[in-house]
Amino acid sequence: MSSNTVRGGTMSSRKLRWAGVRNRSHLAVRVLTIGLFVGVCVLFAAMSPIFLMPSNLLNIVRQTALLAIMSFGMVSVIIVTHGEADMSVGGITGLSAAVAVVLLVRGAPTALSILAAIATGLAAGLLNGILVTKVGLLPFLATLATMNMAMGLEQVLTKGTYVPFADPFIGFVANENFLGVPASAFLLLLVYLAFYSLLDHMPTGRKIYAIGGNLQAARASGIDVAKYTVLTFALSGLSCGLAGVLLVGRLSGLTPLAAAPLLLDVLLAGYISSILSSVGAPSVSGALFGAMLVGVLSNGLAVIRVPTFYVNLVKGLLIIIVVAANALQRRRRSIS
Amino acid sequence: MAALLEMKGIRKEFPGVVALDGVDFSVVPGEIHALLGENGAGKSTLIKILAGLYTPDRGTVVFRGEQLNGLSPQQVQARGIAFIHQERAYIPYFTVGQTLFLGREPSRGAGLIDWPRLYRKASEELVRILGLEIDPHAPMESLTVSEKQLVDITKALITNPSLIVFDEPTGPLSEGEIERLFAVIKRLKSQGVTVVYISHRLDEVFQICDRATVLKDGKNVTTLEVKDATPDGIVRLMVGKELKEKFPKVVASIGDPILEVSNLCRGHVVRNVSFKLRRGEILGIYGLVGAGRTEMVRLVFGADKKDAGSIMVEGVPVIINSPREAIDQGIALVPEDRRGQGVIVEMSVRDNVTLPSLKGFSRAGFVASRRERAAVQNFVKQLNIKTPGIDHFVKYLSGGNQQKVVLSKWLCGSAKVVIFDQPTIGIDVGAKTEIYRLMGKLVSDGAGVILVSSEIPEVLGLSDRILVMYRGRITAELSREEATPDRLLFYAMGGGVADVQ
């Protein structure tokens with residue numbers, strides 16, 4: 001019994017010390033990240049009167065909804081692969097949008113077209129998962145291959161040109177307000193809650209985190225690693241399918257490869273989530289914040305009329321900073 | 001009595017090695033059955049086959065009358081076999097509670113995890129099963145090695161398995177923790193749970209085991225009643241060597257100080273440590289888990305940042321802030337965490353051995369491969385490293401042979417000071433002896449050796465002088481003549497320390 005009391009004592013004192021050290025460095029990163037968010041907002045507001053106008057703020061929400069939904073899938077993949085990414089999100093979103101728009105043009109009902117788009121995303125995600133787990137490709141290569149195939153198919157389906165189609169329901173969700181708030185914000189909230197519940201509050205989420213945290217330990221705990229890895233990639237594909245539908249609404253049709261540049265934004269949102277986390281594993285909530293930050297940044301840079309190529313430069317730089325911050329935190333953890 | 005577990009005629013072949021060759025292993029209900037053998041004897045392979053991690057090339061596994069061949073690890077565990085693995089695996093960012101209930105989280109309906117209940121149950125189970133007062137909210141990475149292991153054991157016991165396999169569970173534990181573990185194992189036995197116990201510590205086998213099966217070179221030697229056996233007898237069965245050969249103490253001539261450490265500090269972990277190491281001397285450092293021994297030698301090696309303190313090598317003050325600088329000064333560390341820090345398992349024996357001394361084997365920037373090969377081959381022969389060839393990947397070697405690869409790494413360069421941190425953890429008797437001999441060779445060649453160990457016989461048997469650490473401080477310095485097991489333990493447990501906070 002005496003050793004128990006000693007154990008309890010050392011444990012609590014050690015924990016306190018540990019918590020103190022840990023919180024200080026992580027607090028700094030968090031404050032910096034959130035400070036960046038606020039700072040960027042203040043800067044944009046000062047530089048352009050348009051930025052804070054209600055119509056523009058609502059526009060940011062609409063733009064961010066699409067990005068955020070994709071980010072939830074991306075963050076799941078980052079978790080399960082311990083920091084690798086799904087490079088195919090832009091490609092799958094574009095392909096799903098193409099499937100939807102082509103069906104709509106041919107007179108298919110809205111519901112069917114939406115389901116087909118989501119099913120397309122799911123199938124592409126499943127393909128990623130199978131390539132990674134059963135064939136044994138690196139996630140980066142597997143998803144890069146899928147991205148290219150998806151983009152090719154998208155161009156085949158759209159014949160490489162803009163396909164116009166204004167579906168009233170999809171258009172409403174993507175562009176209109178409901179109870180004074182963009183309808184897409186409700187959709188975003190719904191998808192967020194689904195991912196948040198799954199990853200933070202359901203056994204499936206625990207398993208996904210476990211696989212990314214320590215593959216051997218997960219296996220030893222009786223977790224079917226392949227199954228849950230496939231599931232995670234499928235989820236990412238699914239979220240892209242949904243995003244594809246929104247894209248059709250935003251563009252009132254589809255411009256081929258319009259979704260391709262989203263990859264960088266989604267990556268950025270996903271990795272911002274990693275640095276926000278105190279334990280080094282990203283979270284769905286962090287991805288939501290990351291998507292908001294990227295959304296504000298994209299919109300603000302456009303509003304203050306920064307040319308597109310500079311925007312890309314800024315985002316590319318941000319990726320390096322965010323990933324470097326991530327690596328730094330990981331290194332610190334491995335030393336302590 | 002009908003066997004609970006019956007493994008018959010198990011054969012398993014790996015590229016170049018027959019790991020198991022027709023092994024039979026039979027466990028009856030309610031017994032504690034030791035599985036013994038040198039490293040490379042096939043114990044781990046046999047257990048991995050039982051666990052469903054490997055498929056045997058031949059042979060059958062029958063548990064409670066049901067054939068287990070071809071089942072997945074999950075299916076095996078679902079049938080009531082739990083494993084406490086040698087390499088403790090955990091998820092760093094999971095809390096203790098999340099770790100305990102991974103895969104069986106309590107639900108509050110709608111598929112959602114009931115977090116309050118999970119943490120409440122975690123607290124209860126930790127106390128109920130091992131009497132632990134660990135905060136279930138603490139992240140796993142904040143625990144010590146022994147705390148992690150105790151959580152791991154608790155986790156395996158939650159499911160109430162009917163057969164538990166312990167793979168060297170006591171390695172990193174302190175005396176008190178070992179006693180508690182044994183109490184738990186005995187309690188399990190009284191409840192009718194069957195235990196397979198793999199260990200390299202013979203005293204443990206005699207303390208708790210009923211029967212023992214001895215393997216050698218992938219074949220059965222015998223299964224015997226422990227009460228009819230003697231430690232010497234079992235060692236002879238395992239290796240064919242006498243026990244008294246265990247500590248081949250080499251008396252080298254002790255010369256000038258080669259390493260002088262003054263006032264080394266790091267937080268509360270290492271406090272004001274000073275000592276001298278002389279040429280030709282083996283300096284033992286004894287202490288219980290958490291005493292700060294590993295942390296202290298890591299400071300000497302520059303692996304962690306020191307708050308204060310100075311180091312002199314051969315009387316000259318040196319600055320050591322990184323392992324690179326330590327290596328340049330001729331200081332080498334054979335780390336505790338062999339697989340994590342000692343060897344690169346995805347590289348060949350040759351690449352591992354020459355990694356720190358590649359410069360010496362290079363000509364005009366290219367590795368002179370003939371000279372390199374010859375040198376490595378020489379080590380393989382000298383150290384008796386069991387490997388099919390020097391281009392064989394290190395991951396296929398047994399623990400003892402991996403350790404020898406780590407040693408070759410430092411012997412290959414010319415280290416003046418070699419620090420061994422728990423060098424024989426998880427290593428069989430035969431390989432241990434060879435590692436002890438190497439220490440002897442190092443000191444007779446004029447190097448100084450620091451031996452950090454938790455095993456009293458090892459420290460006593462090999463050291464010229466012993467420092468005892470307690471809570472980050474050196475609490476005693478004993479000469480070879482003064483040192484006795486009682487004294488070491490007395491000082492290691494804080495005896496004689498005036499101001500214990």
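**Helix packing, chain contact and sheet arrangement in a predicted two-chain model**

In the predicted model, residues Leu67(A), Met70(A), Ser71(A), Met74(A), Val75(A) and Ile78(A) of helix α2(A) are in contact with Leu262(A), Asp265(A), Val266(A), Leu267(A), Ala269(A), Gly270(A), Ser273(A) and Ser274(A) of helix α11(A). By residue class, this contact of α2(A) with α11(A) consists of 9 nonpolar, 4 polar and 1 charged residues. Helix α2 of chain A covers residues 54-80 and helix α11 of chain A covers residues 262-276; their axes approach within 8 Å and cross at roughly 60°. The two helices, α2(A) and α11(A), are therefore oblique to one another, since angles from 35 to 65 degrees fall outside the parallel and perpendicular classes. The crossing of α2(A) past α11(A) is right-handed.

A second helix pair in chain A is formed by α4 (residues 110-135) and α5 (residues 139-158), whose axes come within 9 Å and cross at roughly 145°. The crossing of α4(A) and α5(A) is likewise right-handed. On the α4(A) side the contact involves Ala124(A), Leu127(A), Asn128(A), Leu131(A) and Val132(A), and on the α5(A) side Pro139(A), Ala142(A), Thr143(A), Thr146(A) and Ala150(A). The residues of the contact between α4(A) and α5(A) comprise 7 nonpolar, 3 polar and no charged.

Chain A as a whole contains 13 helices and 4 strands. Of its 336 residues, 46% are buried. Where contacts in chain A join residues at least 6 apart in sequence, 78% of them link residues at least 24 apart.

The contact between the two chains draws 27 residues from chain A and 27 residues from chain B. On the chain A side, the elements giving two or more residues are α1 (2-47), α7 (183-201), α8 (203-213) and α9 (215-220). Helix α1(A) supplies the largest share of that side, 7 residues. By class, the side of chain A that touches chain B has 10 nonpolar, 11 polar and 6 charged residues.

The secondary structure of chain B amounts to 17 helices and 22 strands. Chain B has 501 residues, of which 48% count as buried. Among contacts in chain B with a separation of 6 or more, 68% are between residues 24 or more positions apart.

Chain B includes an open sheet of 6 strands with mixed pairing, in the order β16-β19-β20-β13-β21-β22. Strands β16 (331-334) and β22 (473-479) of chain B each have a single partner strand and stand at the edges, so one side of each lacks a neighbour in the sheet. Neighbouring strands of this sheet are turned against each other by 20° on average, direction ignored.

At the β22(B) edge, strand β21 (residues 465-470) of chain B pairs with β22(B) in the antiparallel sense over 6 bridges. Within this part of the sheet, Arg465(B) stands opposite Ser479(B), a residue of β22(B). Helix α17 (residues 485-492) of chain B lies across β13 (282-286), β21 and β22 of the same chain. The direction of α17(B) is at about 30° to β21(B).

Methods. Residues numbered from 1 in each chain as written. Chains lettered and ligands numbered in written order. Predicted model: local features only at pLDDT ≥ 70, side-chain atom pairs only at ≥ 80, totals over all residues. Buried ≥ 20, exposed ≤ 12 C-beta atoms within 10 Å, placed from the backbone. Contact = placed C-beta atoms within 7 Å. Axes fitted to C-alpha atoms, helices over the stretch in contact; angles between N-to-C directions. Parallel < 35°, antiparallel > 145°, perpendicular 65-115°, else oblique. Left-handed = near helix turned anticlockwise from the far one by under 90°. Nonpolar A, V, L, I, M, F, W, Y, C, P; charged D, E, K, R; others polar. Pairing = 2+ DSSP bridges.
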